[in-house]
Amino acid sequence: MTSSTNFLNKAAVILIVGLLCLSGCAYPKGAVRGDAQAGAKKFQIAVFPVENLSGTLSPLKEIRQSAIDRLRAEGFPILEEGILEKFMARHRVRYTGGIDQGTAKAFKEETGAGAVLITSLELYSDKIPPKISLMARLVSTGEKPVILWMDGVGLAGDQSPGLLGLGLIEDPRELRKKAMSSLWDSLTGYLSGEKGEMGIQRVKRKFSPKIVYRSFEIDPGRKYTVAVVPFFNSSDRKNAEEIMALHFVKELTRIEAFDVVEPGVVRQGLLNLRVIMEEGVSLANADIIFGVLNVDLILSGEVLDYQDYQGTLGAPKVNFSVLLIDRKSRRMVWSSDSYNQGDDGVFFFDCGKVNTAYTMTSQMAQAIGRSMVK
Amino acid sequence: MVKFWTILFCSILAVLAGLAGCATKGNFYRDPNMDFGAIQSIAVLPFSNLTRDNLAAERVRDVFINKLLSTGAVYVLPAGEVARGIATVDIQNPSSPSPGEIVKLGPIIKCQAVITGVVKEYGEVRSGTTSANLISVSLQMIEAQTGKIVWTASTTKGGITIWDRLFGGGGQAMNDVTDNAVNDLINKLFK
């Protein structure tokens, strides 16, 4: 009896010491932020109106306002609304899904803004359970627009139902708030000098491309400049070609080996030269793009399925192919085919189910990006 | 009694011999005079779609292009480059071009052979209460220099099996059935 009491006492002491040590490892958010303030970026940010790729009526103004409010609250300078409106009217800026070289230069010279925040709404559904997916990026102004930060979020009200469904979110505003909070946390983290969410995350094996061709001409040790051209859309989903391109821009930006050209610059290049792509990029188109954008690689492809589901039953479905054309050899150096459903590998109680096409595509695109330079 | 068994044995042998006579080399053709090793780049034209799924031909073509490329044996031209060639030559029906059109297309997109195809079945088939996915595709390779057919093959994969009838389950996923069919076609190409 005595020996068992001693044992229990020892165990309790070890447990308490262990807990104390663990509490020492706890993440003191304020302190880290304070330290990180040394590397904080203090340039003025112009917040562009949100680009709507969802094809539905969505609270775009509220999303934009949440970004402004959050950045102001954190003490980052925001370009005044009146100045932004006047600039956009003067330069006839209608496209808010990107920024071209001319506009970026004018922005810097005329408004003094150091960066532009571009937000693209991919999905918004207020039917129960609500769903929201969006991507945002911070692009520098001046001579050469560069993507400084890019991240996104995809949430569904039923993705973490928890015990007895207590974790279900049925109010679309609550879900939107949660999504916005997560996205702007990442942005303010970057602006404060923290790494943010830009680092590579772990990708599940099931999201790897199913068929792959990789040429030996890709040098894993080299840094490549890549232009992501809108995909050819064969799916039923409106704007799937742009959504897919944005996913690749986001995921390739996270990989050190790639220097991704701002999509607004690519778009302007294609418009200026009146490049019309029938069923994808031809070599003639590729030559023009290589010349104008001065890139090493062009990434494009075809979207066959990009489906989110409404309501509680179903699973998102994504099917696409990707190709990479090399400037030097004028040949395809990568080609792959990827397809997944949200319930792939799910057998018990929806455990491991992916609820939005956004989340699935992000992982699929990241798996491709990593395989390209492996 | 012995006579009965002898007659039965002889009958079975005769039936088996008859069946063996019906056997073919497989449902594909290869031109024996064609040097397939000389083909370095191939253009895969859009497939003809005889199914109810509007995207079936596009899906199968996409998988076929990637599988063929992944073998590393030949280079397959990007779909955009093939589309440019089709537009330049002004091929009226890209899924079944004439030999003359192919002879014109070859030098424009710089390929030694062109592959055309037909997707005959794609999707779910039903029999009573059982259902399963099925695909049926046939392809042909045409030499770009002469416009001559040098290889043809067809395959059918999936469908309702005895297992499906007994235990249900709906058969294999459509993507897996397509993969099997394309693998079979590629095996027939490199045989």
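**Entry 1: a stretch of low confidence in chain B**

I began with residues 21-25 of chain B, where pLDDT stays under 50, and I noted that the model has zero contacts beyond four places in sequence for this stretch. Since this is a predicted model, I then looked up the confidence for the chain as a whole: the mean pLDDT of chain B is 87, and 91% of the residues of chain B reach 70 or more. For the model I wrote down an ipTM of 0.82 and a pTM of 0.85.

**Entry 2: Thr178(B)**

Next I picked out Thr178(B), which I found in helix α6 of chain B, a helix that covers residues 174-189. Is Thr178(B) buried or exposed? I counted Thr178(B) as buried, because 26 C-beta neighbours lie inside 10 Å and the cut-off for a buried residue is 20 or more. I then asked which residues Thr178(B) is in contact with, once its neighbours within four places in sequence are left aside. The list I wrote down holds Arg59(B), Val60(B), Val63(B) and Ile135(B). I also looked up Arg30(B), which is 148 residues from Thr178(B) along the chain, and found that 23 Å separate the C-alpha atoms of these two residues.

**Entry 3: where chain B touches chain A**

I turned to the contact between the two chains, which takes 18 residues from chain B and 24 residues from chain A. On the side of chain B that touches chain A, I noted that α2 (56-70) and α3 (79-89) of chain B each supply at least two residues, and that α2(B) gives the largest share, with eight residues. Sorting this side of chain B by class, I recorded eight nonpolar, four polar and six charged residues.

**Entry 4: the two domains of chain A**

Finally I looked at chain A, which is divided into domain 1 (41-191) and domain 2 (205-372). The centres of these two domains of chain A, taken over C-alpha atoms, are 22 Å apart. How many residues does each domain of chain A give to the contact? I noted 25 residues from domain 1 of chain A and 24 residues from domain 2 of chain A. On the side of domain 1 that touches domain 2, the elements of chain A that give two or more residues are β3 (115-125), β4 (131-140) and β5 (147-156), and β5(A) gives the most, with five residues. By class, I recorded 11 nonpolar, nine polar and five charged residues for that side of domain 1 of chain A.

Notes. Residues numbered from 1 in each chain as written. Chains lettered and ligands numbered in written order. Predicted model: local features only at pLDDT ≥ 70, side-chain atom pairs only at ≥ 80, totals over all residues. Helix = DSSP H or I, 4+ residues; strand = E, 2+ residues; numbered from the N terminus. Buried ≥ 20, exposed ≤ 12 C-beta atoms within 10 Å, placed from the backbone. Contact = placed C-beta atoms within 7 Å. pLDDT = per-residue confidence, 0-100. Nonpolar A, V, L, I, M, F, W, Y, C, P; charged D, E, K, R; others polar. Domains from an automatic or database assignment.
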